[in-house]
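Q: Please take a close look at one packing contact in this structure. Which residues build it? Then work outward from there to other contacts.

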Number of protein chains: 2
Amino acid sequence: MPVNRRVVLAARPVGVPVPSDFRLEEAPVPEPADGECLVQVSYLSVDPYMRGRISGRKSYAAPVEIGQTIVGNAVGRVIASRSDSFEVGGYVHGNLGWQEYAAASDDGLRAVDPSVAPLSAWIGVLGMPGLTAYYGLLRVAGVNSGETVCVSGAAGAVGSAVGQIARIKGCRVVGIAGGERKCAWVTDELGFDAAIDYKGENVTDALRAACPDGIDVYFDNVGGPITDAVFQHLNVWSRVAICGQISQYNAVDASVGPRLLWNFIPKRIRAQGFLVFDFREHDAEALAQMASWIRGGQLKYGETVAEGIENAASAFIGMLGGANMGKQVVKLSDA
Amino acid sequence: MPVNRRVVLAARPVGVPVPSDFRLEEAPVPEPADGECLVQVSYLSVDPYMRGRISGRKSYAAPVEIGQTIVGNAVGRVIASRSDSFEVGGYVHGNLGWQEYAAASDDGLRAVDPSVAPLSAWIGVLGMPGLTAYYGLLRVAGVNSGETVCVSGAAGAVGSAVGQIARIKGCRVVGIAGGERKCAWVTDELGFDAAIDYKGENVTDALRAACPDGIDVYFDNVGGPITDAVFQHLNVWSRVAICGQISQYNAVDASVGPRLLWNFIPKRIRAQGFLVFDFREHDAEALAQMASWIRGGQLKYGETVAEGIENAASAFIGMLGGANMGKQVVKLSDA
C-alpha cells in the first residue's frame, strides 16, 4: 500500500523560515469520499503568499495551524474518482497542499489540458501567478500603449509575466530584479526594455536613466526600499498595483520607511491592493488569452524545479530569498 | 490716493513658518488693464496648501518666489472694471493673493451671490475647501449609505464639510480633531456620530471603540501617526481619499513611519490622491448642491476670522498649527 508523504507546519517561523519549521510526515494514501477525487501530484507550487499563511496572522484566509499540511496549489493526475466531473487519468489543478497524494472535493478542482502547455505551467503562467499578473496589470492598474511600466520582482513567476504582457500592450517595460543573471534573462529572453539589478545598482539613479519619461504604472511585488525608490519616479496620474510585499514578509518587527502618501496628492497616484481570486469570474477568458500568447511565442516563462516532497521546504525558503528564476515548482512525480 | 498693502514672501520657511518669513509691503493700488477688474478684497483665505507653495519645491504649481505676493483665494467687490463680464459693485472670487486690492483678469474671476451665503463662505464651504470635501468624498472615495467614514482634520474647513456630506449620504461619521472644543463642535453642532481628540486620546484605541464595524472610507487631511492608526482599522474594500498631509508640511527632513502598503493587499485598499481643480467642470453642479444643503440646514460651517492684512501671516501660521475651528479667513474690508 503506497504511502503519502506530506509536509506539515512544525513551528511558526520567526523571521526567515528555517527547515525545522517544517516536518515531513508519512500517512496512508487517503480514500476519496463521495464527490472527491484522489490526485497523485505531479508538480507542487511554492509561492510568497504562503509565508503569510504560516505566520498565524489573521488575513484573507485562515492560517495554517501547527501540525496541519501546508497549503499550496498543485497539479496532478486523477488516480481514483468518486466524482461525476473527473475521470481517472485526467489532469487537474487545485489547492492540494504539500503532499504527494490528495483527496479533494471536485468543486475545488479544475481540469487542465497538457496539450496546451506542460503540466507545470498550470501552476505558473497558466495558474495563480499568471492570472495575478494579468489581472493586476490589466484590470487593477490599467495600461495604455506608450506608457512606461515598472515591475519589481521582475524575474519571478508574476513579474516575468507582467513585463511581457505590458510589452504585448505596447508599453515600455523596466524590470527590477536581483542579480545580473536575472536581469539578463528578462531583457534578453523575455524582451523587457531594461532591467535594474537592485543588488548591484542604485535603484533611484538607475530608474532615472531607464525611465526618462517617468513611470506610469508600477506593479509592486516587493515593497520596501525598492518601492520607495520607484515612488520618486511616478508620474502624474500614475497607478500602482500592489500585488506583494515580499521584502516585508519575514520582518519580525514592523518595518519603517519614508512616508509615501504625500506623493499621492500632486501626482494623483492611485494605489490598489488586490487578490487574484477577486477576478475568478474572468479566469476562463484570461487563461484563453494567456494560452494564445504562449502559443504565439509572445509570452514565455521560466521555471526553477526542485525534486521531491522532501525538498519542498528548502525550495520555499530559497524562493523567499530570491533563489528562483521564473516560477519555483517542486516536482513530485511523473504522473 | 489709497495704498495697497500686500504680504510678500521674505524668506523660505525652514520647518514651521515664522513671522519673519513674510513681509508687509505698501504699493500703489494697481490700475486694471484691458479685460481686468480692480477688486477690493473683503476676505482672504489662508489654506494648508500654501505651505507647499512657499517651500520652493516643484509641485503641481509654480512656487512663490522670494519678494512675490503670497498666493491665495479671496472674495471682494469690483471697484473698477475694464471687463465685459463684471460690473462695478459686483462681488467676485478668485486667486487674488494676500493683498487689499488686486487687478485681476476676468477669466480668473467667478461671480458670487451674497444672497446665497455670506461673502466669506465663498472662500470656504462654497469655495475651494467645500468643493475639495465634496469631490474627495463623493467622486474620489465614493460612499454608500450605511458605511463608516472617518475624516482627519475634522474641525477644519475641508474636514467639517466632509463629515456633514457623509452624514447626508447616510454614513456613520467619525472625526479626528485636536482638542475637546473641536470634538464637541463636530459632534454637537455638525452632527458627527463620534469625534476623537488625538491630543487627549490614544487614536488606535478610540477608533476601535468608535468604529466597531471598521472604516470603509478614510478622508485624509493630515497624514502621519493619525493616518497610521486609521490604517489599522480599514475594512476590506475600503477607500482612502488623500487630500492633505498637514502633519508633514513643516517637516524639515523626510519623515519615516510604518510601512502601510502591505495593508493594501488583503484589504484591497484603494488610495487615491487628488486636487480640487481636476473636477472643475463639475463646479457649478457641486456648488448648487452645496448651496441647497446650506439653505436646508444640513450643511453648516464655522469660521475663525482674523482682522487685517497685517495679521494674515499669523493667521496662516496659526492655522498650520490647528488654531482655527472651521475655515480660517482674514477679513480685510467691509467692501
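## A helix contact and its surroundings

A: In this predicted model, helix H2 of chain B packs on helix H3 of chain B through two sets of residues. H2(B) supplies B:Pro129, B:Thr132, B:Ala133, B:Tyr134, B:Leu137 and B:Leu138. H3(B) supplies B:Ala157, B:Val158, B:Ala161, B:Val162, B:Ile165 and B:Ala166. By class, that is eleven nonpolar residues, one polar and no charged. The polar one is B:Thr132, because Thr is listed as neither nonpolar nor charged.

Now the geometry. H2(B) spans residues 128-141, and H3(B) spans residues 157-168. Their axes come within 8 Å and cross at roughly 45 degrees. That angle makes H2(B) oblique to H3(B), because angles under 35 degrees count as roughly parallel and 65 to 115 as roughly perpendicular. The crossing is right-handed.

Turn to chain A. There, helix H2 (residues 128-141) packs against helix H8 (residues 283-295). The axes lie 10 Å apart, at an angle of about 100 degrees. H2(A) is therefore roughly perpendicular to H8(A). From H2(A) come A:Gly130, A:Leu131, A:Tyr134, A:Tyr135 and A:Arg139. From H8(A) come A:Asp283, A:Glu285, A:Ala286, A:Leu287, A:Gln289, A:Met290 and A:Trp293. This contact has seven nonpolar, two polar and three charged residues. The charged three are A:Arg139, A:Asp283 and A:Glu285. The polar two are A:Gly130 and A:Gln289.

Helix H3 of chain A, residues 157-168, takes part in a salt bridge. A:Arg167 pairs with A:Asp193, 3.0 Å from N to O. A:Arg167 sits in H3 of chain A, while A:Asp193 lies in the loop between helix H4 (180-189) and strand S10 (194-197) of chain A. The pair links distant parts of the chain, 26 residues apart. Over all chains, the structure holds 28 salt bridges.

Next, the interface. Chain B puts 36 residues in contact with 36 residues of chain A. About 2,800 Å² is buried between the two chains, with carbon and sulfur atoms giving 62% of that area. On the chain B side, B:Arg259, B:Leu261 and B:Ile265 lose the most area to chain A. Together they account for 28% of what that side buries.

Charge pairing also spans the interface. Four salt bridges are counted between chain B and chain A. One salt bridge joins A:Asp228 to B:Arg259, with the closest N and O atoms 3.0 Å apart. B:Arg259 thus appears twice here: in this salt bridge, and among the residues of chain B that lose the most area to chain A.

Terms used: Residues are numbered from 1 along each chain as its sequence is written. Chains are lettered from A and ligands numbered from 1 in the order in which they are written. This is a predicted model: local features need pLDDT of at least 70, side-chain atom pairs count only at pLDDT 80 or more; totals for chains, interfaces and linings use all residues. Side-chain values use heavy atoms; hydrogens and water are left out. Axes are lines fitted to C-alpha atoms, for helices over the stretch in contact, and angles run from 0 to 180 degrees between N-to-C directions. Helices (H or I, at least four residues) and strands (E, at least two) are DSSP runs, numbered from the N terminus. Angles under 35 degrees count as roughly parallel, over 145 as roughly antiparallel, 65 to 115 as roughly perpendicular and the rest as oblique. A crossing is left-handed if the near helix is turned anticlockwise from the far one by less than a right angle, and right-handed if clockwise. Contact means heavy atoms within 4.5 Å. Buried area is the accessible area (1.4 Å probe) that two parts lose on being put together, summed over both. A salt bridge is a side-chain nitrogen of Lys or Arg within 4 Å of a carboxyl oxygen of Asp or Glu.
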